[in-house]
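Welcome! Here is a short tour of a protein model, from its overall form down to its cysteines. Take a look at the sequence and structure first.

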Amino acid sequence: MKSEHMADRHLMDRLRFEKYSNQHFTSCIELIKSTWNFHIDFINIPDDNIVYEYYFKTCLNWNQHLDVIVDKNGNVQGLLFASKEDSSVFKELVYLRKERQIKKWKNKKIRLGAFGERDRAEQLLEDLAFNDHQGEIDAEYFDSEVNLFIVSPELKGKGLGRKLMDRYMRFCRENAIETAFLWTDMDCNYSFYHNYGFKLHQTFKCSNQANNSSEVENGMVFYIDVIK
């Protein structure tokens with residue numbers, strides 16, 4: 001037990017928490033790519049990094065809590081991005097403007113062939129948006145949403161996810177956030193949320209299930225009551 005404690009302490013000595021800045025952009029994309037295979041179904045895509053760049057840009061927008069864990073070389077090893085739903089009118093306008101810019105950038109890249117075969121790319125990107133919409137249908141009932149939460153595959157099981165979530169809970173308390181939610185699917189380690197104290201709000205069919213007769217719904221919305 002003592003050796004495990006020392007190993008965990010040594011690990012944290014090599015890592016630090018920072019607020020996200022532009023210098024982390026490329027490393028965050030690499031972390032997302034090491035976790036998910038969003039690019040796998042695109043056809044003739046010249047550089048699959050663009051899929052993760054687009055996804056990450058959409059995750060950056062609308063969030064106020066932008067927490068990253070970096071190693072001694074500045075590489076991002078974990079992150080948690082979350083929103084504060086009760087934003088000012090000015091901030092809402094800024095987010096909407098940024099959303100339009102991202103959409104314009106994406107459409108231009110699709111036309112130029114950067115996402116590969118056009119019809120396929122448009123369908124896959126629509127699927128991403130569909131899942132996001134399904135997961136956020138009841139967003140108005142909550143004060144905050146966790147939009148992106150990742151720990152490096154090599155460091156899972158070391159307690160970093162819990163530390164990120166603890167820091168997010170502190171953010172919630174400091175900003176009078178009483179309830180928070182997130183959506184995920186069965187391919188992710190959703191048991192973490194159960195163990196942390198999240199409760200299942202509802203399930204839904206993801207895009208790959210929307211047009212079949214399966215009764216299993218692999219999308220899940222979790223919520224948590226923030227303890228003061």
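## Burial and surface

A residue is called buried when its relative accessible area is under 20%. The model shown here is predicted, and 42% of the 228 residues of the protein count as buried.

Turning to the outside, the accessible surface comes to about 13,300 Å². Carbon and sulfur atoms hold 48% of that surface.

## Fold and dimensions

What does the secondary structure of the protein come to? There are seven helices and seven strands, and along the sequence they follow the pattern α-β-α-α-β-β-α-α-β-α-β-α-β-β.

The protein has a radius of gyration of 18 Å, which agrees with the value near 17 Å for a compact globule with 228 residues. Along the principal axes, the C-alpha atoms fill a box of roughly 55 × 40 × 40 Å. Among contacts with a separation of 6 or more, 70% are between residues 24 or more positions apart.

## Charges

The protein carries 31 positive and 35 negative charges. Their mean positions are 7 Å apart.

## Cysteines

How many disulfides does the model have? With a cut-off of 2.5 Å between cysteine sulfur atoms, the count is zero. Cys 59 is in no disulfide, and the nearest cysteine sulfur, that of Cys 28, is 10 Å away. Cys 59 counts as buried because its relative accessibility is 6%.

Why is Cys 172 without a bond to Cys 59? The closest cysteine sulfur to that of Cys 172 is the one in Cys 59, and at 17 Å it is too far for a bond. Cys 172 also counts as buried, at 0% relative accessibility.

Conventions:
Residues are numbered from 1 along each chain as its sequence is written. This is a predicted model: local features need pLDDT of at least 70, side-chain atom pairs count only at pLDDT 80 or more; totals for chains, interfaces and linings use all residues. Side-chain values use heavy atoms; hydrogens and water are left out. Buried means under 20% relative accessible area, exposed over 50%, partly exposed in between (1.4 Å probe, protein chains only). Helices (H or I, at least four residues) and strands (E, at least two) are DSSP runs, numbered from the N terminus. The radius of gyration is taken over C-alpha atoms; the globule rule is 2.2 Å times the number of residues to the power 0.38. Contact means heavy atoms within 4.5 Å. Accessible areas come from the Shrake-Rupley method with a 1.4 Å probe; for residues, only the protein chains shown count as cover. Lys and Arg count as positive and Asp and Glu as negative; His and the chain ends are not counted. The place of a charge is taken as NZ of Lys, CZ of Arg, CG of Asp or CD of Glu.
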